[in-house]
Amino acid sequence: MRYLLHMAEIVYPPVIATARTLFRIMDYRFHMEGTEHIPRSGGAVLVSNHISYLDFIFAGLGALPSKRLVRFMAKEEVFKHRISGPLMRGMHHIPVDRGAGAGSYATALRMLKAGEVIGVFAEATISRSFTVKDIKNGAIRMAQATKVPLIPMALWGSQRLWTKGRPKQLTQRHVPITILVGEPLHPKRGDDMGELTSELHTRVSGLLDRAQRTYPEIPQGVWWQPAHLGGTAPTPEEAAAMDAAEAERRKD
C-alpha cells in the first residue's frame with residue numbers, strides 16, 4: 001500500500017498543476033471556505049454533493065490548502081476510458097462496481113487506515129435538480145470502521161460546465177465556483193445509522209443552500225438554478241422520475 005501511494009504522487013502533482021493552469025486560463029472565480037476542517041494528516045472521509053462530471057476535480061481542490069490529495073471512489077466505467085482510465089488509476093482513485101462494491105469498500109478502508117483522505121459522492125449519481133438527493137451510508141460506515149472524521153462539502157457552479165443531460169460548456173470563462181467545507185462529524189460504532197445519515201444529509205444540504213444563495217450570479221429562469229430558487233432545473237420529484245426512467249432504459 002505504501003509503495004502504491006508513493007507511486008501515485010508521480011502522477012497526481014502534474015495533474016493538479018495542469019488543472020490549475022487551465023483554471024487560470026479560463027479565469028474561474030473560486031470562493032472557498034472551511035478548508036481548515038480537512039486535517040493535514042491522518043485519514044478522513046470527504047463527502048460532497050454531486051452536480052457535475054467535474055466535481056472530483058473541484059472537491060479535490062478544496063483539500064489542497066491542507067496539502068492533502070484525495071482518493072475518490074468513482075464508477076468503474078471511468079477507469080475503463082482510454083484517457084481518464086490511466087489517470088484515475090495512476091492517482092489511485094478507487095473504482096466502484098455498483099453490482100459488487102465489497103472490493104472497493106475494502107480498498108477504501110485500507111487506504112483510510114494508511115492515513116489517506118477518501119472522497120465520496122454519497123448520492124451515487126449526479127443530481128439533476130441541483131439539490132441533495134437521498135444519500136447512501138457507505139461513507140458513514142467507513143468513518144465508523146476506521147475512526148476517522150467525516151467531512152461534509154458542497155460544490156456550486158461546476159454544473160454550468162458539464163452536467164447530466166446538458167451539452168458540455170467547457171469553453172466558458174469567468175465562471176464562479178464555490179467550494180464550502182463544513183465541520184467534521186465523528187461517527188462512532190453503535191451510533192444510530194439513520195440519525196447519522198440524516199445529519200450528514202442536513203449538513204451537506206445546508207452548505208449547498210448557502211453556496212447557492214451567496215453565489216455571485218443568481219439569475220432567474222436559468223437551467224442551472226434549482227427550481228426552488230427560481231431556476232428551470234427539474235424539481236426533486238421530476239428528477240427522481242427521470243432517474244427512474246433512465247434506469248429502466250438501461251435494463252432493456
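In this predicted model, His174 counts as partly exposed because its relative accessibility is 32%, a value that lies between the 20% limit for buried residues and the 50% limit for exposed ones. His174 is found in the loop that runs between strand 6 (150–156) and strand 7 (176–181). The backbone at His174 has a phi near 65°, which is a positive value in a residue other than glycine.

A second residue with this backbone feature is Ala124, which is not a glycine and yet has a positive phi of about 80°. Ala124 belongs to the loop between strand 5 and helix 6. With a relative accessibility of 35%, Ala124 also counts as partly exposed.

The loop that holds Ala124 also holds Arg128, between strand 5 (117–120) and helix 6 (138–146). Is Arg128 buried or exposed? Arg128 counts as buried because its relative accessibility is 12%, and the limit for that class is 20%. The side chain of Arg128 makes a polar contact with the side chain of Asp243, at 2.7 Å. When neighbours within four places in sequence are left aside, the residues in contact with Arg128 are Lys164, Ala233, Pro234, Ala239, Met242, Asp243 and Glu246. Asp243 is thus named both in the polar contact and in this list of contacts.

Helix 5 (residues 102–113) comes next. Its twelve residues reach 17 Å from the first C-alpha to the last, close to the 16 Å expected at 1.5 Å a residue. Which residues of helix 5 are buried? They are Ser104, Ala108, Leu109, Met111 and Leu112. These residues lie on the same side of helix 5, because they cover an arc of only 165° around the axis. An α-helix has 3.6 residues a turn, so residues three or four places apart point the same way. On the other side of helix 5, Ala102 and Lys113 are exposed. Helix 5 is followed by Gly115, where phi is positive, near 95°.

The aromatic residues offer a further view of the structure, which holds 13 aromatic pairs. One of them is formed by Phe56 and Phe72, which meet edge-to-face with 6.4 Å centre to centre and 75° between the planes. This pair links distant parts of the chain, 16 residues apart: Phe56 is in helix 2 (residues 55–61) and Phe72 is in strand 3 (residues 70–75). Phe56 counts as partly exposed because its relative accessibility is 28%, whereas Phe72, at 3%, counts as buried.

Tyr215 and Trp224 form another edge-to-face aromatic pair, at 5.8 Å centre to centre and 70° between the planes. Tyr215 and Trp224 are both buried. They also belong to a cluster in which ring pairs link Phe130, Trp156, Tyr215, Trp223 and Trp224.

Charged side chains are also placed over aromatic rings. The charged end of Arg160 sits over the ring of Trp224, 4.3 Å from its centre. Trp224 therefore has a ring that lies under a charge, given that CZ of Arg within 6 Å of the ring centre and within 35 degrees of the ring normal meets the criterion. The charged end of Lys168 sits over the ring of Trp162, 4.4 Å from the centre of that ring.

Note on methods
Residues numbered from 1 in each chain as written. Heavy atoms only, no water. Phe/Tyr/Trp six-rings, centres within 6.5 Å; stacked < 30°, edge-to-face > 60°. Helix = DSSP H or I, 4+ residues; strand = E, 2+ residues; numbered from the N terminus. Buried < 20%, exposed > 50% of the residue type's maximum accessible area, 1.4 Å probe, protein only. Expected span 1.5 Å × (residues − 1). Arc of directions from axis to C-beta. Polar contact = N/O pair within 3.5 Å; in protein donor to acceptor, adjacent residues only side chain to side chain. Contact = heavy atoms within 4.5 Å.
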